[in-house]
Every structure is written in C-alpha cells, then in structure tokens.
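Biologist: Could you take me through this model and show me how its features are read?

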Amino acid sequence: MKMVKKLICALMCVTLIWMSSSIAYAETTEDELVVLGDSIAAGYGIENPEDTYGYLVSSERDFMLSNYAVSGDTTTDLLQLIEKNRQVKNHLKTAETVVISIGGNDFLHLGYESSITELAEIISSGKDSKIIQNLLKTVKSNIRTIHESIRELNPKAKIVLQTVYNPFLGQSDKLTQLLNQLVELFRQDYIDIYNDEADTDANMVIADVEKCFREYYEKTKNTSLVQSDFIHPSVKGHRMIADQVEIAMDDVHRAEWSTVEKSANALVRLAERMFE
C-alpha cells in the first residue's frame, strides 16, 4: 500500500513539473503578436519602424510581429478587414496575442468632415446630439462584433484593447480646441464601451492609453507624447503605449498562472488527504 501511495505521489509531482515547464516553454517560444487598427498602430509619422510600439512589444517580449493596422481605418473598416481579408484571418487563427488600436478615426472623421460652425453646433447639443448618439452606437456595436469575430477565429488568444487617448489636450488653435471639446464630450462613453467589452472575456484586457496620456499631460502640461500634427503619438508616445500594452499582457498571463496555480494546489491538497 505504501508503494502505491509513493507511486501516486510521484505521478502528481511529475504532473506539476510538466504544468510548470509547459508555462515556461510557452513564455520562451516565439509566438505571434498580431496588431490591428488605425494609423496609431501603423506607426504613422514615425521615421524608424523600430520606434513603433508594435515593434517594441514584439522585440521585448520575443514575439513574431504581424501588423495589419491601416491608417485612417475606423471601427467599421477594421471589422470589414477581419471578415474579408483571408491573410488577416489566417494570422488571427494562430496568434498568441492580438493588440487593437481603433475608434479614434470614428470621431476624427466627424470632426474633419464638419465645418467649424457645424462642429460647434454638435458640441453645443452635447449628449442630445443625434450625431453623437449614433456614433457611440456604431462604435459600441463594431467593438462587440470585432471581438466576436476574433473569438470565432481564435478562442484562446489574448486580446489587448487600447483605450482612445485625446491628442488635443493642450493644443491652442481654434479647430483643435473644438476637437478637444468634441472628444471630451463622449470620452467617458468611449471608456465605458471598451471596459464593458473587456469585462465579458477573461482573456481580453485593457491597455489604458487614454489614462496614461491624460495623466502625463496633467502632470507636465507637456504635449510631447504626440507629433506636431496634434494626433499621432511621437516616439516618446509610442514608448509609453508599448509600456501600457506590456502591462496589460502581464495582467493576462498573471490570470493564467493563477488558474494553473489553483489547479496545482488542488492536487497537493488531494495528495495530503490521501496520506493522512
């Protein structure tokens, strides 16, 4: 009987070692990082591609990078890309992690396609503006469907969804001041849409770029996180986004380890009961 118990204990130890080694192997093997989204993710305006946050994250975390971000894309454009582009689908199926930057152009298109007078009228209407209400409904619906489409292709991938920062903080010309007011008008609605979506999926986390950029500006009154076009992140901004994405990635992996650790602890408790 003692021999049988020793054999069972040895098997449990082997199981625990295998579980730990599997995690270590997953962390050291080159997995694929798929980046989706708009010009922020595409690295618009950055001279050296190695300074973009997609490259920084993939290099620092030993990922193979596949970047399918398209400058100017809205949430509707990204949804169509995922649904219709076979190459993107194939890479999403095998991705270990998917990072998404989208939503900024939905409101930018509204701002740039309106005259200053029209923009001022939209802002003065506030949340009662039908244009704002429809925009928020579209973004919310598209974010949900983008999420669902990725999950259909890959049920296990880690998804990092970036919040949309306000690039117009501290800018002084008339148009950017109006655009700043426009963004501030529905900023919290955007935050709620992204956070609520992430709450539906244990393997989906938020990279809170909006909070990070805002806190930096409020502390320094410095606009150096964005380029001179008042929109796209600078090299410094990309570094900060990379940090937020990596923090979010760590949050997912910590959750995974917690699940494995609970399973291992359960096996240990079972073994202890058997030897009592």
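Biologist: Is Phe230 buried, partly exposed or exposed?

Modeller: The classes rest on relative accessible area, where buried means under 20%, exposed over 50% and partly exposed in between, with a 1.4 Å probe and protein chains only. Phe230 has a relative accessible area of 28%, and therefore counts as partly exposed. Phe230 sits in the loop between H10 and H11, and has a positive phi of about 70° although it is not a glycine. Please keep in mind that this is a predicted model, in which local features need pLDDT of at least 70 and side-chain atom pairs count only at pLDDT 80 or more, while totals for chains, interfaces and linings use all residues. Residues are numbered from 1 along each chain as its sequence is written, and side-chain values use heavy atoms, with hydrogens and water left out.

Biologist: Which residue just after H10 takes a positive phi?

Modeller: That is Lys221, with a phi of about 55°, although Lys221 is not a glycine. Lys221 lies in the loop between H10 and helix H11 (235-275), and because its relative accessibility is 57%, Lys221 counts as exposed.

Biologist: How is a helix such as H10 delimited, and what span should it have?

Modeller: Helices (H or I, at least four residues) and strands (E, at least two) are DSSP runs, numbered from the N terminus. The expected span of a helix is 1.5 Å times one less than its number of residues. Helix H10 (residues 209-220) has 12 residues and should therefore span 16 Å, which agrees with the 16 Å between its end C-alpha atoms. The buried residues of H10 include Val209, Cys212, Phe213 and Tyr217.

Biologist: In what order do the strands of the sheet lie?

Modeller: Two strands pair if DSSP finds at least two bridges between them. Here five strands form an open sheet, ordered E2-E1-E3-E4-E5, with parallel pairing. Strand E2 (63-67) and strand E5 (204-207) are the edge strands, each pairing on one side only. Between strand E1 (residues 31-37) and strand E3 (residues 97-101), which run parallel, there are five bridges, and Leu33 has Thr97 in E3 as its bridge partner.

Biologist: Which helix lies across E1, E3, E4 and E5?

Modeller: Angles run from 0 to 180 degrees between N-to-C directions, and the axes are lines fitted to C-alpha atoms, for helices over the stretch in contact (heavy atoms within 4.5 Å). Helix H8 (residues 130-153) lies across E1, E3, strand E4 (158-162) and E5, and runs at about 160° to E4.
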